[in-house]
Amino acid sequence: MTLITLAHGSRHPLAGETVSALTAVAGARLGVRAEAAHLELSDPLLPALATRLARRGHRSAVVVPLLFTHAYHARHDVPAALFAARGSGLDLTLASPLGLGPEVESVVAGAVASDADPAAQLVFYAVGSSRPGANTEVAALCSRVARRTGRGHTVVYATGAGRGVGIAGLSEAARRHKNLHLVPLFVAPGLLLAKALAAAPGIAALRGATIGVSRPLGTLLAPLVQQRYLEAEASEKARAA
């Protein structure tokens, strides 16, 4: 079966390139054809890609959503995209999203160990969600990574209400800690993250702080995408047996 990764989509010029690179690495690990699709903002959308693959003779694919939380996109947009692709002629099997489990914890902890000054306070930067519990789940992941790597940490959400959100949240973290390392909980570059990265030098200068930065997780997530594909493939084979 073909691998299709399903990202949210972004107007950031490097977002599609990063998702495509992740998809290619995961496909190479699996030894299958791999294509990237999006929910919105970027091409191709899932229905268009599914139609194109079906016309080229492909019969089935596993769709791996590149999402960390079971919030609005996972609960509404992903099922809607699969429903819209139902007439494509391609049999689609939906895999579990990336999630916030031990696999993602290991990936983020590895990035922290590789990138961050051991003395730096970690600032985890996540999109944020209006779904009750989603931000709590993100915060729990960040706490586990901080404990695992022996660091202090703060969680800042790019969206939401309150003084500790977005640029204001980063500025407050820099007021309290003079050695920070920003850890983006993003699969790929996006406009929300770009806004924070653009503001970081000014915040550092204003607060007299140092702010290091990790890159979005990108191809580091390829083993997890591979795992989600194999789980879905095994489940589909068990149902067909």
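**Pockets in the predicted model**

The largest pocket holds about 870 Å³ of space. The structure analysed is a predicted model. A total of 40 residues line the largest pocket, and those nearest its centre are His8, Leu67, His73, Val127 and Phe186. By residue class, this lining is made up of 26 nonpolar residues, 13 polar residues and one charged residue.

Several helices contribute to the lining of the largest pocket. At least two residues each are supplied by α1 (15–30), α3 (72–84), α4 (102–115), α5 (134–149) and α7 (191–207). The largest share comes from α5, with four residues. Both domain 1 (2–99 + 219–240) and domain 2 (102–217) take part in the lining of the largest pocket, with at least three residues from each.

The second largest pocket encloses about 290 Å³ of space. Its lining comprises 13 residues, among which Arg215, Pro216, Leu217, Gly218 and Leu220 lie nearest the centre. Two or more residues of this lining are given by each of the elements α1 and α4. The largest share, three residues, is that of α1. Six of the lining residues of the second largest pocket are nonpolar, four are polar and three are charged. As to domains, at least three residues of the lining of the second largest pocket are drawn from domain 1 (2–99 + 219–240), and at least three from domain 2 (102–217).

Technical notes: Residues numbered from 1 in each chain as written. Predicted model: local features only at pLDDT ≥ 70, side-chain atom pairs only at ≥ 80, totals over all residues. Heavy atoms only, no water. 1 Å grid on protein atoms, 1.4 Å probe; cavity = no way out; pocket = protein on both sides within 12 Å on 5 of 7 lines; lining within 4 Å. Points joined across faces, edges and corners; volume = space filled by probe spheres on them. Nonpolar A, V, L, I, M, F, W, Y, C, P; charged D, E, K, R; others polar. Domains from an automatic or database assignment.
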